[in-house]
Amino acid sequence: MGVGGLGALGVGLAACAQPTPTAAPQAEPTKASAATQVPPTAKPAAGGTVVFMHQRNEWSEDQEKQFMAANPAIKVEFIQFDATRFMAMNAAGNPPDLFRLQGPEVPDYLARKILKNLQPFFDISTVLKADDLAPSNNYYKWDGKTIGKGDLYGMCKDWSPDFTLFANKKAFAEANVPVPADDKPLTYQEIAQLASKLTKKEGDRTLRWGFGYHGDWIDRTMMNMLAETGKSLFADDFSRLAISDNPEAVKVARYWFDLAKANVVANPLNPSPQWAGDDFTKGLLGVVQYGYWFSAMAESDVTKDNVVMLPAPTWAGVRRDPTMTATGMAMTAKAKNPEAAWVLFEWYNGGQPAIDRAKSGWGVPALKSQYKLMPAETPFQKQCQKVLQGELQYASDALQFNPFIKADVVITAWNKYLEQALRGKMTFEEMLKSVEKETNDAIKEGISRLG
Amino acid sequence: MTAVQLSGAGRRRGWRFRGRAWREAVSFYGFIAPWLIGFVLLSVVPLVFGLGISLTNYDGLNLDSVRFLGLQNYARALHDAEALFGISRTAVFTALYVPLALTFALFLAGLLNQDVRGRGAFRTLFYLPYVIPIGAAAWVWRLVADGNYGLLNALLHLLRPGTAVQWLANYATQVLVVFVVWTSVGGAMVILLAGLQGIPKELREAALIDGATPLRTFFAITVPLLTPVLFFQLVMNLIGALQTMVAPMLLIPQPMGFNVLPPQDNRLYMTFVYFEIFTKARFGYGTALLWILFLLVLALTLVVFATSRFWVHYEVE
Amino acid sequence: MQRSITRRLRQSTVYFFLLVAAVAFLTPVAWLLVTSLKKEVEYISWPVRFLPAVPQWANYRLAVTMGNFARYATNSAILSTAYTSLVVISSALAGFGFARHHAPGRDALFMMVLAMLMVPGMVTVIPQFMLFAQLHLTNTYWPWVLWGLSGSPFHIFLFRQFFSAIPKELEDAAEVDGCGRFRIFWQIFLPNSGPALAASAILAFNWVWGDYIYPKMFLTGANTTLAVQLVSAYADPKGNPLVTVTMAAVVLYTLPLVVLFFVAQKHIIQGIVTTGLK
């Protein structure tokens, strides 16, 4: 078995692969010359089974029934998303037709040729129009070199400018600090000062952390901060993580390290009990950094009438507030039923489910024409909309994620070595070097795999 | 004793002997047939495949870019500092967990084998943590052990105000051991209880009449007869402890936000392998690491089996 | 008189011991129960509050409706029962084979049984998926039926140990009477293995009921088990889990296992029939 068996398997898979539409280098909406491709025809021709790998809480059984009732020729087979299962299905040569993914994963999947170019479908769609797509969809655009331009390989389901802030007014009152105005952005340095003022302790016990954020995503925040000065965490060709030789990057990393060391944010040695959003709704955080979607849950019994949304802070004076997740869906290159899958794709992202999502207030719609559906009744909702409108203009630039590694590599390394640095087992410089080494090893492997 | 008689007797005895052994072998294979067939059809192929994966650089997704690496993954593992660290942490965990779990389960089983009123209810109570889904159990433990808001520190606060010990971050392995013992003792107790039933009451009562204390009876009579089942539990505990993967991840102090990996002390071997496979996409390497673990577990189990000759009492060998 | 007093004293000490141990042991369980009755904002607070301000029984209602509890509980029940009934028998057969036979290859094969326990599951999960996918058995319950029929290394090992401990005299007596191996198994060993059978059945049922990995890999949204459903069903529209409702669901999910155990543990009281032998 061994090599021979795997080789045979590989050949077998290649043999049953569908001819993928070649990506046109320039992707103007009018370039519908995809004559050699699978022609996306009008709805009546689409039928069969669509294997849909997603999450039950984002695709209810009611929605499934509705869709199948409206499209009797199509049967949806839903599978709850699971990373291992996704791998196994790919290995067995049977990937799902549509699956859920996030913007940062796209470069990695593109490099492995897992995604199907959907531009031909978009070109003739009457529901998903090119100029109606919100900027978050840039994460799914690729011209062969950069993310953000080119053909569409998927679409976002909803999004938020993710760097906005939510403040707990009561925390400010207790600390005797005035709540910042919501019409101009703070700087990150000001936030650091606020954080230490808002932190409340009682002996060894921390009763409130001044600042909170999603610990799994600060590498993305760092990328956004660096992008203000035109720099990146990675070398230009993504061949390595470049922090220690980049003074600006060192400053950004130091910023987050110092916050953790000062114990004004939750950190490996003083963790908060739940994730930052949950902590905020229980009054355990002074300020939290989350996108517009957080407004749907920010007001709990504890924080009601005490929350205010603030614009995204800046690091170097340049305002940037894209999304850093861009959760959406894509079609696999080896999908067995692209036409039927597209019908589902279109309905999910532009039809009733999208409208319902927009009205729920859990995110900004992926279609600009649906922006007006966002809720704006309560004073809090209105205040959030006001801040949001101010942020939308700064939301276009997609963050550039590394195509050779999976999205979690950097942050896992960061958290791993952060713990040791905080315990005093290594210095800050050593920590950076260790993060780099671990990431670069993974990048090298990724590059060699694509050979 | 003529030659004829001798040869005749020999022939008859020989034939009967072969017949008996033959029938026993047939019977043996008959009894294990369902297992053997299932093993060959359902397990061997995936096993071989799994072995094959460990010889490549498979990343979990693309089979087209797979390259054969021979034993490179295995050689790499020997130099991988993190893998070796994982083994050391797993060894520590196992050394703490196994004796504790076994003793506690034996103690409980012994206690609940007594004629105590409501022992059915007690057995059920101690069994409870075993059936609670481990995710939920860990979640509750994380809450109770939370540094700033946990019940445990709240109680300590009554004794010494301002206490906020970070149990999960600073005493990670201790908490892990106690947690895993807590979740697993119910199952072990069931097995040991069943084992205790196999010990004839008469033997115990005879000893008691002879003047031995219950404790002495327990150790002199009950435990020796319980050794086959104890042996089972020991081996299972050992294998389970060496393969521990999920519990450390569930006890990460702030899993949904901050710490993607467990605190350093809890980076057990299998947990490390999990991250290699799912975060670093090193499926081939990860599988090789798992096979290495298999060899270690096998070696250890063989050693335990070898020692069993000295302390396990079987009726039939 | 003296003996009965010491006996009463001993019983009371044992009882007291058990009570204290049980209370300490079950504190996390108690915490789980009270959390299931709290509001989302209540379950973390300072000062720590053990009881909810107002018990949120609605959490239980939500646990049943939000997650379509009944359907998935049924799925779990079917799968668990099917697997348990098959695996106990086939494992007992194999266990008897290993315990009470001498045959060439026995020890080597038993080592293989044990080896399967030592192979970390992750090694074979994806290859197994590929195998079942080839056989078109994914999204069905057939893998469990097949696994049940072929016995489980854990249970085989368990039965082998139990059967090894049964006195040889029972077997010899039956052989003298002319019983074949299977009759010995069926009429002597099995009836005397109530405790082992009960233990095995309880643990097997638990395993399927509580298993998350295999249903996640092999079943779809509609026919999957409660264990999988539990993890993702109770969330707000963004996907953030509703902790207290999930805890309520966990309580409901655990209840059948507790009841099953309470009923079955009575069977772990049977001794070996030794009359008429000595």
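Start by selecting chain C and chain B together: between them about 8800 Å² of area is buried, and carbon and sulfur atoms give 81% of it. Keep in mind as you look around that this is a predicted model.

**Stop 1: three residues of chain C.** Now pick Phe25(C), Met118(C) and Met122(C) and show their side chains. This trio supplies 9% of the area that chain C buries against chain B, more than any other three residues.

**Stop 2: both sides of this interface.** Next, colour the residues that touch. You should find 101 residues of chain C in contact with 99 residues of chain B. How many residue pairs are in polar contact across the interface of chain C and chain B? The rule finds 11, with both partners at pLDDT 80 or more. To see which element of chain C gives the most to the side touching chain B, select residues 106-118: this is helix 5 of chain C, and it gives 11 residues. Then try colouring that side of chain C by class, and you will see 74 nonpolar, 20 polar and 7 charged residues.

**Stop 3: a salt bridge.** Between chain C and chain B the count is 1 salt bridge. Which residue of chain C does Arg20(B) pair with? Zoom in on Glu175(C): its salt bridge with Arg20(B) has the closest N and O atoms 3.9 Å apart.

**Stop 4: over to chain A.** Hide chain B and bring up chain A beside chain C. Here the buried area is about 2600 Å², with carbon and sulfur atoms giving 61%. Select Arg85(A), Lys282(A) and Trp362(A), the residues of chain A that lose the most area to chain C; together they make up 23% of what that side buries. Widen the selection to the whole contact, and it takes in 33 residues from chain A and 28 residues from chain C.

**Stop 5: charges and polar pairs.** Chain A and chain C have a count of 3 salt bridges. One to visit joins Asp301(A) and Lys39(C), whose closest N and O atoms are 3.1 Å apart. There are also 12 residue pairs in polar contact between chain A and chain C, again with both at pLDDT 80 or more.

**Stop 6: the chain A side, element by element.** Show chain A as a cartoon and select strand 2 (74-80), helix 3 (83-91), strand 10 (205-212) and helix 10 (276-281), each of which supplies at least two residues of the side touching chain C. Which gives the most? Helix 3 of chain A does, with 6 residues. Finish by colouring this side of chain A by class: 17 residues are nonpolar, 6 polar and 10 charged.

Conventions: Residues are numbered from 1 along each chain as its sequence is written. Chains are lettered from A and ligands numbered from 1 in the order in which they are written. This is a predicted model: local features need pLDDT of at least 70, side-chain atom pairs count only at pLDDT 80 or more; totals for chains, interfaces and linings use all residues. Side-chain values use heavy atoms; hydrogens and water are left out. Contact means heavy atoms within 4.5 Å. Buried area is the accessible area (1.4 Å probe) that two parts lose on being put together, summed over both. A salt bridge is a side-chain nitrogen of Lys or Arg within 4 Å of a carboxyl oxygen of Asp or Glu. A polar contact is a pair of N or O atoms within 3.5 Å; within protein, one must be able to donate a hydrogen and the other to accept it, and residues adjacent in sequence count only if both atoms are side-chain atoms. Helices (H or I, at least four residues) and strands (E, at least two) are DSSP runs, numbered from the N terminus. Ala, Val, Leu, Ile, Met, Phe, Trp, Tyr, Cys and Pro count as nonpolar, Asp, Glu, Lys and Arg as charged, and the others, Gly among them, as polar.
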